[in-house]
Amino acid sequence: MKNNVLSGLSRRRFLQLGSTLLAASSLDLLFSPSAVARAVSQAMPLFAALRPAKKGILTSAHWGAFEAIVEQGKMVGVQPVQDDPAPNELIEMAPWQVHAANRITSPVVRKSWLENGPGSCNDLRGRDEWVKVSWEKAIQLVSDEIRRLQSAYGPSSIYAGSCGWKSTGMLHNCRALLHRLMNLSGGFLSYSGDYSTGAAQVIMSHVVGSTEVYDQQTTWPNVIDNSELVVLWGCNPRTTLKNSWNVPDHVGLEGFAALAKKGTRIITIDPINNPGSKQLNAEWIAPHAYTDAAMLLGIAHTLLSEKLHDEAFLQRYTTGFAQFRESLLGEHDGVAKTAEWASTICGVEAETLRQLARDMAKKRTMIMAGWGIQRQHHGEQPHWLLVTVAAMLGQIGLPGGGFGFSYHYSSGGSPSAKGGILSGISAGEAPQNSPVPVPVARMADCLANPGKTIDYNGRQVTYPDVKMVYVAGGNPLVHQQDTNNLRQAMQHPETIIVHEPWWTSTAKFADIVLPCTTSYERNDMDMGGDYSQRYVFPMHQCVPPQHESRNDFDIFRDIAARLGVEQAFTEGRDEMLWLKTMYDNMKTQARNAGVPLPPFDQFWQSNNYIRFPVPEENKNWIRFADFRADPLLNPLGTPSGRIEIFSRSVAKMNYDDCPGLPGWFPPHEWHGSDVAQRYPLSLNSSHPAHRLHSQLDNTPLRDKYAVSNREAILINTQDAAARQIQPGDLVRAFNDRGQILVGAEVSDDIRPGVVRVCEGAWYDPADLSEPKTLCKNGSVNCLTFDIGSSRLAQANCGHMAQLEVEKYCGEEQKNTAHSVPFGA
């Protein structure tokens, strides 16, 4: 019992713990809540992993764990938990989310759909009148429609992908609950991949044998101690590390602060010199947008030509470098990929590229890459080449060296704790007749083109005829590319159902809208630290459900009851019994790891959260260290067991837009394309600093980023002057796909020829009778194009587009992105 915390308890203390808990658990319900609380509070100090709330009710969100301050049934404030090293202002928006003016107050149905049935007047979506109905009527309409479509067309007729960040919580995971219901009721059309890393996760599975982009990184203590040069390639950690998929531990922000304090040399490669890079005292290299692959080839050629590459590492740990060498030297196409060649494409001086290569080879270098560079046409190439360059440096698997693709996401590199892990509710098993999933970024293409066949990662996928789209926990009308194309495609399904707390863009274009609770109006639990798994946070119900909103679990349970699968859906458990089951499973794991925890009832009543210990050995974990130590005993998941610079698997697919060797492929749109003659500015659609994608767009945080009450566009001083644009001006940004109204921010912190509009602003069309109407709120995907990254990954290209801007001189446009539609 060397590592068992219980072994450190004296017999007297152990008996005291047991008797105190026995007394607390035997309290009769007739006892007052305060008596229960006192008994529980006496027992809690005996559990070292517990951390008490200081002021309010414990709950959490994607942007942090906090205590809700509630007065007279209303949330009035928040306080971050004591363990959060870098709380941010996003948590302060919780009261605004609960009491937002644009909450959906009751179930509603689009008037034409209600009166005339599915498929009626689909062109009126987004501008039809809404009719309030009872919950009983709404549940009947939804369940009858599911039953009708399953009977008449089968599971392929129902797209229930619902890709999106949803809300935190292991039980009220609306996507898992939706999939659970649909699997039990006959199956559904799902999706593969995601919007965040669609291209990289596919190509990385061929190059290093895993998706890699979500894997644990060499831990921060190791990086801080050993990395001599950190290269931030296309990422802005100060912004993206505010959030996590579960609940953030914010250790990554601490890590970057420690690098800055130590004086570690940091280079940022990005068309934008963002505030986070300045905070790190980073050197700024600003390439042309979308030219990362060419830039990496120029660096690789320098490493090769100046004999700075590690030939021994390449021989032992990789396969295919001989073919890559030939490509670098131009033996395939007659073009040597020199630094001079790369410079003509990426706009960075050749000597700068050569010096960067020399510095990376001379110093222990960690390349930390973001995901924006792969949300592009041919987005598979930059990440493939980043691994190739790291392999040429020969530092993969060494302390502080190599590469990492999630240091900017959810605190990758936060050392893993030892305790227990919560398992959420399962989506269940898909029926045998379930259709083949569609790549998520091809959603609009699928809706508009039933029967079309596309290539995807070595196989073919044929789109079914989708009759219904069911969305819970997502906002596809904002996060899908080419909004006007999607809006047209959304006229094809006969029925669109949406669960939402607020009147988002997608909710306004639905046929049936069911008001669901926010996470602060229900009970749940979640893990804290996506990589560390260090915390377990209770998410106590802070306020009653607002208006007529209901929990997603309850909504789906009632639909399941009408479909005859309620018992299978609930497994006989209500909300609290599900949470107890999850907790008890986690508690057993924690006990086996030597961490004692109280029974669920005591834990829940105590208003404590759990902080698991981090073993010392976990603080110095190095990614790929085992592989480097012995590649035969610890092979990668590739066919060769090694890093595949040349992939035979990919080569056999015969895709001309993604062959078996990484390289430079001019994208569909960039500054060197013909379309740049009409639209000379390259778009950067980065993650917003004060939202999580489209979440929180309807809160007062808008005051921190909106310009003239619109999404901001960052434009270089020279580009603004040439167009007579001043800071604060309303600007129309446009191309052949659409137009948006944005507010101008003018700065030299962005490369000339590039503009930035953050993704996530709610779509607000001026006139839905016009195919390419102006978006009055500046939703950037009105401008992006909807083609696959390549036939390999079919991922989205949401980070790129060519466009033009002009000072807006049209009629006044009232921003109605956050308004409540007529009849609702």
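Two strands count as paired here if DSSP finds at least two bridges between them. With that in hand, this predicted model offers an open sheet of three strands in the order S2-S3-S4, paired antiparallel. There is also an open sheet of five strands, ordered S11-S10-S9-S13-S14 and paired in parallel. Helices H12 and H17 lie against that parallel sheet, and searching the whole structure turns up zero disulfides. Here's the tour, topic by topic.

**The antiparallel sheet**

- Strands S2, S3 and S4 line up in that order in an open sheet, with antiparallel pairing.
- The edges belong to S2 (57-61) and S4 (74-80); each has a single partner strand, so one side of each is left without a neighbour in the sheet.
- From one strand to the next, the twist averages 40°.
- S2 and S3 (residues 64-71) run antiparallel and are joined by five bridges.
- For a spot to look at in that pairing, find Leu58, which sits opposite Glu67 in S3.

**The parallel sheet and its helices**

- Five strands make up this open sheet, reading S11-S10-S9-S13-S14, and the pairing is parallel.
- S11 (283-285) and S14 (402-404) are the edge strands; each has a single partner strand, so each keeps one side without a neighbour in the sheet.
- Ignoring direction, neighbouring strands here are turned by 20° against each other on average.
- Three bridges hold S13 (residues 365-369) and S14 together in the parallel sense, and Met366 has Gly402 in S14 as its bridge partner.
- Helix H12 (residues 292-305) packs on this sheet, touching S9 (229-233), S10 (265-269) and S11, with its direction at about 150° to that of S9.
- Helix H17 (residues 380-393) lies across S9, S13 and S14, and runs at about 175° to S13.

**Strand S25 and its two partners**

- S25 (residues 681-684) points Leu681 and Leu683 one way and Ser682 and Asn684 the other way, and all are buried.
- With S31 (residues 802-807), S25 runs antiparallel and shares two bridges; Ser682 stands opposite Gln802 there.
- With S29 (residues 754-756), S25 runs parallel and shares three bridges; Asn684 is bridged to Arg756 in S29.

**Helix packing**

- H5 (residues 135-152) packs against H22 (residues 552-562) at an angle of about 60°, their axes 9 Å apart.
- That angle makes H5 and H22 oblique to each other, and H5 passes H22 in a right-handed crossing.
- On the H5 side, the residues in contact include Trp135, Ile139, Val142, Ile146 and Arg147; among those they meet in H22 are Ile555, Asp558, Ile559 and Arg562.
- H12 has a helix neighbour too: its axis comes within 10 Å of that of H14 (residues 321-328), and the two cross at roughly 105°.
- That leaves H12 roughly perpendicular to H14.
- Leu297, Ala300, His301 and Leu304 of H12 make the contact with Phe321, Phe324, Arg325 and Leu328 of H14.

**Helix H15**

- Six of the eight residues of H15 (residues 339-346) are buried, so the helix is largely enclosed by the rest of the structure.
- Those buried residues are Ala339, Trp341, Ala342, Ser343, Ile345 and Cys346.
- Their cover includes H12, the helix that also packs on the parallel sheet, and H16 (350-362).
- Just after H15 comes Gly347, with a positive phi of about 80°.

**Cysteines**

- A disulfide is a covalent bond between the sulfur atoms of two cysteines.
- The whole structure was searched, and zero disulfides came up.
- Cys346 is in no disulfide: its nearest cysteine sulfur belongs to Cys235 and is 18 Å away.
- Cys346 has 0% relative accessibility, so it counts as buried.
- Cys797 is in no disulfide either, and the nearest cysteine sulfur, from Cys658, is 12 Å away.
- Cys797 has 1% relative accessibility and therefore counts as buried.

Notes
Residues are numbered from 1 along each chain as its sequence is written. This is a predicted model: local features need pLDDT of at least 70, side-chain atom pairs count only at pLDDT 80 or more; totals for chains, interfaces and linings use all residues. Side-chain values use heavy atoms; hydrogens and water are left out. Helices (H or I, at least four residues) and strands (E, at least two) are DSSP runs, numbered from the N terminus. Axes are lines fitted to C-alpha atoms, for helices over the stretch in contact, and angles run from 0 to 180 degrees between N-to-C directions. A disulfide is a pair of cysteine sulfur atoms within 2.5 Å. Buried means under 20% relative accessible area, exposed over 50%, partly exposed in between (1.4 Å probe, protein chains only). Contact means heavy atoms within 4.5 Å. Angles under 35 degrees count as roughly parallel, over 145 as roughly antiparallel, 65 to 115 as roughly perpendicular and the rest as oblique. A crossing is left-handed if the near helix is turned anticlockwise from the far one by less than a right angle, and right-handed if clockwise.
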